Amino acid sequence: MEKYLYIALFAPLVGSLFVALFASRPKMLFTGILASAFIGISMIASFVLLFHVYNHEPLHVEMMDWISAGNIDIPFGFIVDEVSVIMMVTVTLVSTVVHVYSIGYMDHDKSFNRFFTYLSAFVFSMLILVMSDNFVGLFIGWEGVGLCSWMLIGFWYHKHSASWAANEAFIMNRIADLGMLMGLFLIYWNVGSLQYSDVFEAVKTLNPALVGTIGVLLFIGAMGKSAQFPLHTWLADAMEGPTPVSALIHAATMVTAGVYLVIRCGEIYTIIPQVGFGIACLGAFVAVFAASMALVNNDLKRIIAYSTLSQLGYMFVAGGLGAYWIALFHLMTHAFFKSLLFLGAGNVMHAMHDELNIKKMGGLYGSMKATAILMSVASVALAGIYPFAGFFSKDKILEVAFNEGAYFLWFALFIGAGLTAFYSFRLVMLVFFGEKKYGHELHPHEAQPFVIYALMPLGLLAAISGFFEHSFREFTTRLLSDYGVHLEHHIEVILIASTLGIAISGIAFAIYMYGKRGGFSACWEKSFGYKVLSNQYYIPKLYEMVIIKPFGVASEFMWKKIDVKIVDFTVDLIARVLYASGEKSRKMQSGNLSDMLRWMIVGIVILLALAIFYRPMV
Amino acid sequence: MDHMLSLIIFFPFVAGLLGFLVNKESIRSYGVVIAGIEFLLSIGLWIAFDTANAGYQFVEFSALIPSFGMSYYLGVDGISLFLVVLSTFTVLVSLIALNIDNDVKNLIIAVLFLEMTMVAVFLCLDVILFYAFWELSLVPMLYIIGAWGSANRVYAAIKFFLYTFAGSVLMLVGILYLGYLYFQATGVWSFSLPDWYLVQLPFNVQLWLFGAFFLAFAIKVPMFPFHTWLPYAHGQAPTIGSVILAAVLLKMGSYGFVRFSLPLFPDATVYFVYPIAIIAVIMVIYAAMVAYAQEDMKQVIAYSSISHMGIVVLGTFALNAEGITGSIFLMLSHGIVSGALFMLVGVIYDRRHTKLMSEFGGLATVMPNFATVYGIMLMASVGLPLTIGFVGEFLSLAGFYRVDWLVTMLAGSGIILGAVYMLSLYKKSFFGVVTKEENRTLKDLNAKELFALVPMVALVIALGVYPKPVLDTIDISVKKMIVLMEAKAIHVETKAFLINANSIGEVQ
């Protein structure tokens, strides 16, 4: 079985490196096909491993030593257990679809080959992240996906906004990584090891306050990757990257790494429920906060990005409240329908020649039926309508919040569910229905058939994956602590009904407003609330004013004032004083005999004075 | 094998002398061949080196002035081995990439002399000899900067020389005094380092001597606020000068801390841990901010060196095996990465005769291979895992965490700020569209440059993925040194500090 593990892990790397040989050449179709094939192989191996783990036992290998110094000993070790195999299957499945899709999507791009190099490298990093058996191995993947995300966001580097967004994402993630790194150090010095198994064993006996600190520090790392408030601004800007990237990295996989970390460290967070509760509160806040920004945005991709942010919030609520398997379940179903949504958006963008403003679309249903249907399926799943996937996973999270007695969390998520349904269908309505708002020079066309076929599996999964709930629970709770919702039956029914109710009314409202009424009136857009929302609560502006600009000014000050005017000036001043004193005293050496005699007298007087007044030896 | 170390030290010197006889046309290949042989010799040293032995190997000893205890005493251990290899490697690749035509003969001979002094500094176990080579290393560098530098070269060269020279004077006083103390304690003169390791010094004396050595090392590293010679030296030096300066010469200072300050003055070292840690933090943050403000690409990398050396110093003063091993590894990785970065700046300078970032933009389109190599080095510089930069940085910071979490966190902000200035450099120069007409026709890396840079890229990845052979060898010598420090310490608190720093236990 180890064979399959290595195949699953390294096939994407081999693909990436091979394609890299052609990276600077013009488009070659086979690079895309080959890269997709390698990811496909990885996916098949992942499924084999899934069945193996399901029927037999988890797999653990230590490939080789990596870092060892002092007492630190970090191997390249990989583990395929119930959690990582779910992640592997999800990641490779979505990746395969995205790779195949990209062959069509990137068709006309001159850097076609380079794109597949990066994309496959990303899959490899992501697999390292989920398969490592220790925290530093996870950190390799953690930084690796950050690097790939940087390269892919900035893929069209000639655009200023793209390279800016890439740097923003990398730097913001680095801020969080520092927190994570500190967490690793703290674990190391208290436990003496960074292997999951050792750490989870040891935390049980550690001082809970200490475990709390570890939990918080690790979560800071998770906040960066999963773009939780206040480190969230990069995710929306990351939409500068090509759309398949947004689907794979910034929706389905990388951004869920933070959630994965919380799930993986479940045994730590179980000990510190207060920290977990804090995580849940932040998650609920982000769920509503991000959804509110999605309400008014007109950028096709940004709406979906905010929706991702909001759904990540849901996952953190589940994770924070200890319902790890539910968090993982939502992570998985979300990966399916959200990537589908993004890839559908990619089709729309292609059809509209990279127009992103949904106010300038409309009526595309006529020309792009397949995409419209797929995106509607994804939106229904996202909104959480029975029997689609989101209903099972998202509803569970609301039940968890209620079950824990955290009614305000439940209420926030409840409101969030309504908002989600509304903005999803606002998007669908504005893009596919209503009247055409684009110019006549555009003739939107459906994507190539193989692209649509590639999306089918995701569409299917978005529709039905919810029904795997019970076997999923049985499987994952072999490793994760089980979480059961113990509500009285009628309460549960009321909860489900009310959530479903608000979701349906959200959808109905969107359809009514944008279908029948043709949208809100323009004066709405001048209101204060609308402005706040469409400017993302002015947070990016705030960061610009409070952090970026002052940092630039301070750096300038450090260099021009302190370094040059103070530090270096002092050094030169000392040199100049020495030089000048030499220059001045040189006059003493005039070569004139009477001058010399005079100085001799001065010397004698000084020596005499010393001899009389200074007696160190006495 | 008996005189392996002497051979490694004096081979470039003799070859340099003979170089005067070589005619001008073939001097370049002569230089590369000599540097290549020297590199192979150092690799041979590594192969023959017994990695299970923590002590000095290939020891050569013969008395020079017995009445004063001065001797010709050489030896290599895990701490110095790789610095020697780094030196010979750096000289080799920088000679391969050399792109200067005027007076090239003198330049190559100067570089070979410099190579001798660098290697000797790492191999000498007699302190007087060490001091002699330490000072001697300034001369070829002075010449390289002063003769082949750009416009303001004389000022930069003299500043470099006088500043570092002034710093070392106190070290000489310290050396002589320590020799005298040894004489007082034992009745015989000796300037051999292993002998000195055995003397316990009173606390007060340790403080003074620590200070005397500190200034010399601090200027060399360079530590804030003694760093201002560095930007000038880099700004004016030719590429080969910058590469060697950044890759090797700075490491002499941090090597000095490990070799002298720590084992000779353990109590003073522990006493000064916090002040030095604070300086290190200032170096990391301050230099990173200044680097961000630069307009000149080379200056960004010059200041980034200061920032990274801050982490090196911090790791050294963690006083545990994790930190010290990490800091030595970081010296190596910084040597390779900053050397490569300076070389890359040289590549673009040769083509455009400017280093201002505002003159570039969109280079990734015009020079894809250049951009790729630059990108890899950039990622190594910001310490991405699986590149060489991560290992040392991670271990150094991990080591100091045992001492103080707050300082570690502040110094750790280097991983953020490093990304800030490096990525903004990359964005300004490589991303965007080509705005300047003359940039459109720039040639990508040529064969010679690739030949020099590809080995560096390979090392950056190889040692990032599998640093173990290097780490293990360093670690065993470092552990021995820590045992020595603890045994030598005269204060109970020092012993307690060292034991605490080297053991797993509850920390906040």
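Trainee: What makes up the contacts in chain A with a separation of 6 or more?
Mentor: Residues 24 or more positions apart account for 81% of them. A pair counts as a contact when heavy atoms come within 4.5 Å. Keep in mind that this is a predicted model.

Trainee: How many residues of chain A count as buried, as a percentage?
Mentor: Of its 618 residues, 61% do. The word "buried" applies because each of those has under 20% relative accessible area.

Trainee: And what does chain A expose?
Mentor: About 23700 Å², with carbon and sulfur atoms supplying 70% of that.

Trainee: Which helices and strands does chain A have, in numbers?
Mentor: You'll find 24 helices and two strands there.

Trainee: Over to chain B. Why is strand β2 called mostly covered?
Mentor: Six of the seven residues in β2(B), residues 70-76, are buried. Buried means under 20% relative accessible area, so those six fit the term and the strand is mostly covered.

Trainee: How do you know that β1(B) and β2(B) pair?
Mentor: Pairing needs at least two bridges. Strand β1 of chain B, residues 57-65, shares six bridges with β2(B), so the two strands pair, and they do it in the antiparallel sense.

Trainee: What stands opposite Glu60(B) in β2(B)?
Mentor: That's Leu74(B).

Trainee: What do β1(B) and β2(B) form, and what sits between them?
Mentor: A hairpin, with four residues between the two strands. Look at Gly69(B) in the turn: its phi is positive, about 70°.

Conventions. Residues are numbered from 1 along each chain as its sequence is written. Chains are lettered from A and ligands numbered from 1 in the order in which they are written. This is a predicted model: local features need pLDDT of at least 70, side-chain atom pairs count only at pLDDT 80 or more; totals for chains, interfaces and linings use all residues. Side-chain values use heavy atoms; hydrogens and water are left out. Buried means under 20% relative accessible area, exposed over 50%, partly exposed in between (1.4 Å probe, protein chains only). Accessible areas come from the Shrake-Rupley method with a 1.4 Å probe; for residues, only the protein chains shown count as cover.
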